[in-house]
Amino acid sequence: MARKFGETEMAPRTAAYFEKLSQGKFDLDWFENTKTEWGVRVQPTKRGVLLNDINVGSYGEVPEHSLPGTGMAPRGAELDADLPSLGYRLNNKYEVWSVNAASLYEEAKTRQWNATTDIPWHELRQLPEDLERAMCQVCTLLTEVEFIAADLPAKWMHQIHQNYHEVKCFLASQVIDEARHLEVFRKRALVNGGGLMRATKEAEDALQAIIEAPTYSMASSFMHVLGEGMVLSLFRAGELIGKTDVDKRIFRMCMQDEARHVSYGTMHLKYYLENHPNPRAAREEVNHILSKGEGMMLAMFGVPEFLEPLMILAGGGIEGMKDAKPAVGGIWQKMVHEYFGRCDRAGVSERRQLCRLPAQLPM
Ligand SMILES: [Fe+2]
Ligand SMILES: [Fe+2]
């Protein structure tokens, strides 16, 4: 007869174990017979113990292919038989890996900042209305795009096999980075007497295409390499478009986070193309999504709601818009130029020929 604990019926193994314990015996099979690698030792350094430091012996062997039916058992543990499948769909290393994921995760932890207290909000001074409106329009768009940058990794993270925990950790750090970014831009829009401005259909269409990209690597190429890459270039122009020290600081703080996300995506794309079992199909798929993405980025950025606030900010006011065209054109050129650099590093330098983004804006 099955034994009960209160009202709870015990599983046979549990019942047998308690029977043993009540007879004064222990099991200790886990203690004596676990077949994992024993005796590893990691020397902590001045930096502590990095995630990469514990990749020693067999623990550092990241499988090329993982079995889906291994629950959430950590890489290197001995696995019980009959573990449940938790529905992980990204079970191949090439689908998610990036050689810098662990080090970017370490960097993310040491460079966290707080949008509540690390921005000297009290130093923000009143701006002329045209500059404030322009900054608020920029912040509206940036708040929007930060949502996708948090939702996209969150959408795919739980589908990544636990053997690739370095990537899961990095993506978790990206989610918190992006939460802070949407927070800081929303705060900036509201804190200085302005408010949120206009969300455009073109921007929302692009974000929809990212979240609906059919595979993780396509989504990552579109978002990390192309979309966030262009936003990173925009943050780099923060000295030109930020009109107060507070605004410049916001752009600088976000820039260092953004560089990590772009770096992960660039190195993931490289790994994907170099390790995919069908490299030709992989390259076609990536070029397809990047062509589509470039078209959508041009639509998203080629609107008055994006270009005109930049002209007002770079020109020092609505009067200076005309004179600021070359400066804003220069920001665009940099966005495209830096994108090509990342494509080269990822191994898709054919984007230089195939790209749908004009090197110069016709303005
Ligand atoms: Fe961001
Ligand atoms: Fe980002």
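**Exercise 1. Find which helices supply at least two residues each of the lining of the largest pocket.**

Solution. α1 and α2 each do so. Helices here are DSSP runs of H or I with at least four residues, numbered from the N terminus. Next, take the shares: α1 gives the largest, five residues. In total, 14 residues line this pocket, and R13, D27, D29, W30 and D80 lie nearest its centre. A pocket is an open set of points on a 1 Å grid over the protein atoms alone, where a 1.4 Å probe fits, with protein on both sides within 12 Å along at least five of seven lines; lining residues have an atom within 4 Å of a point.

The model is predicted: local features need pLDDT of at least 70, side-chain atom pairs count only at pLDDT 80 or more, and totals for chains, interfaces and linings use all residues. Residues are numbered from 1 along each chain as its sequence is written, and side-chain values use heavy atoms, leaving out hydrogens and water.

**Exercise 2. Decide whether L28 is buried, partly exposed or exposed.**

Solution. Locate L28 first: it sits in the loop between α1 and α2. Its relative accessibility is 34%. Buried means under 20% relative accessible area, exposed over 50%, partly exposed in between (1.4 Å probe, protein chains only). So L28 counts as partly exposed.

**Exercise 3. Place N192 and list what it touches.**

Solution. N192 lies in the loop between α5 (165–191) and α6 (201–211). With 10% relative accessibility, N192 counts as buried. Leaving out residues up to four places away in sequence, N192 touches L124, R125, Q126, L127 and E132. Contact means heavy atoms within 4.5 Å.

Conventions: Chains are lettered from A and ligands numbered from 1 in the order in which they are written.
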